[in-house]
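User: I would like a close look at one part of this model, namely the place where the protein meets the DNA strand. Please describe that part in a connected way and then turn to the charged side-chain pairs of the protein.

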Protein chains: 2
Amino acid sequence: MTYSISEVAKKLNLTSYTLRYYDKEGLIPFVERTPSGIRLFKESDIDFLKIIQCLKTTGMPIKDIKEFIEWCSDGDSTLQQRYDMFIERKASVEAQMEELKKTMKVIEHKCMYYKTALEAGTEDIHKNDNIEDFITNK
Amino acid sequence: MTYSISEVAKKLNLTSYTLRYYDKEGLIPFVERTPSGIRLFKESDIDFLKIIQCLKTTGMPIKDIKEFIEWCSDGDSTLQQRYDMFIERKASVEAQMEELKKTMKVIEHKCMYYKTALEAGTEDIHKNDNIEDFITNK
DNA sequence: ATAATTCCTAGAGTTAACTCGAAGTCTAAC
DNA sequence: GTTAGACTTCGAGTTAACTCTAGGAATTAT
């Protein structure tokens, strides 16, 4: 069973334009076509697109994802590169999570700041606060 | 005590170009100047820039940050908007963390996948795997 | 068989966030 | 008082990732 480009777009919550763009950029060279040139997406193609979306979420640029796709079609000789890449992605995601946690602390502090200010009707009650205390975690 | 643009850039790990760009975009209208036009950053300006960096980390676009800055100079009448904004930022960061967690699971699975493939010398040992099982969390 | 819909490509346009170059001004050191 | 280095503005250039348009071909519905 195969899917049309618009079906895949709907399934993955992106547009046909984007899928054609990914194809143009060499991210999905494995997608087959009808004799008249229309793309036919297999289930396995959709799985690959899910991995591509996952890599994008980690902040990986498209040209790097393309390199990974090329490694995939190069077979077992590129296993080490692909392993290294995922280890590096893992470290990157860990770093991003750490940064988000720090960011969250500041945002939560600001939520409290404005909650109390709203209750008081003025920001003045924070006149003596020291924002550094929160950013530096004192 | 004040700081020059390049000192602030160094402190915040960005460039003078970027700081001037932020100024041009209205993110730091409070930064004062010498009579000859040179920017003098106060400690409180740097604190504001840290909040701006924090908002950027949450994925907030610059024109939205600008709106927040405008609210700040509009005083207490905008407390509700600012509170709502931070609540919304909090939800956004929570969503991002959730997505990163899901992404992490897939990445970790791929790390294992390639680790075992490397040990076996070939990807073939995963011939019967079903990637869906991992993506759908089975 | 015709009309509506969906597909195709090539290439142009958009947007965000920088990033830089040119030309000139300011300031500190000698 | 001149020179090196940092500062200024203005506007142009860059990059990534889409996003869309035009013009045409294929498929589906009536």
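Analyst:
**The surface near DNA strand C**

In this predicted model, DNA strand C is surrounded by 18 residues, of which the closest are Ser6(A), Arg20(A), Arg33(A), Arg39(A) and Tyr22(B). By residue type, this surface divides into 7 nonpolar, 5 polar and 6 charged residues.

One may next ask which part of the strand faces the protein. Of the atoms of DNA strand C within 4 Å of the protein, 74% belong to sugar or phosphate, and the rest belong to bases. Individual contacts can be named. The side chain of Arg20(A) has an N or O atom 2.8 Å from a phosphate oxygen of DNA strand C. For the side chain of Tyr22(B), the corresponding distance from an N or O atom to a phosphate oxygen is 2.9 Å. Ser36(B) places a polar side-chain atom 3.2 Å from a sugar or linking oxygen of the strand. The elements that give two or more residues to this surface are helix H1 (5-12) and helix H2 (16-24) of chain A, together with helix H2 (16-24) and helix H4 (62-74) of chain B. The largest share, 4 residues, comes from H2(B).

Two of the closest residues also take part in contacts within the protein: Arg33(A) and Arg39(A) are linked with Asp23(A) in a network of salt bridges.

This leads to the salt bridges in general. Over all chains, the count comes to 22 salt bridges. One of them joins the side chains of Lys66(A) and Glu70(A), with an N to O distance of 4.0 Å. These two residues are 4 residues apart in helix H4 (residues 62-74) of chain A, so about one helical turn separates them. Lys66(A) counts as partly exposed because its relative accessibility is 31%, and Glu70(A) counts as partly exposed at 38%.

A further pair lies in helix H5 of chain A. Glu94(A) forms a salt bridge with Lys90(A), the closest N and O atoms being 3.3 Å apart. Because Glu94(A) and Lys90(A) are 4 residues apart in this helix, they are separated by about one helical turn. Glu94(A) is partly exposed, with a relative accessible area of 38%; Lys90(A) is partly exposed as well, with 23%.

Another salt bridge, with an N to O distance of 3.2 Å, brings together the side chains of Glu123(B) and Arg82(A). This pair crosses between chains, from Glu123(B) in the loop between helix H5 (79-120) and helix H6 (131-135) of chain B to Arg82(A) in helix H5 (residues 79-120) of chain A. Both Glu123(B) and Arg82(A) are buried.

Notes: Residues are numbered from 1 along each chain as its sequence is written. Chains are lettered from A and ligands numbered from 1 in the order in which they are written. This is a predicted model: local features need pLDDT of at least 70, side-chain atom pairs count only at pLDDT 80 or more; totals for chains, interfaces and linings use all residues. Side-chain values use heavy atoms; hydrogens and water are left out. Buried means under 20% relative accessible area, exposed over 50%, partly exposed in between (1.4 Å probe, protein chains only). A residue is near a molecule or strand if one of its heavy atoms lies within 4 Å of it. A polar contact is a pair of N or O atoms within 3.5 Å; within protein, one must be able to donate a hydrogen and the other to accept it, and residues adjacent in sequence count only if both atoms are side-chain atoms. Ala, Val, Leu, Ile, Met, Phe, Trp, Tyr, Cys and Pro count as nonpolar, Asp, Glu, Lys and Arg as charged, and the others, Gly among them, as polar.
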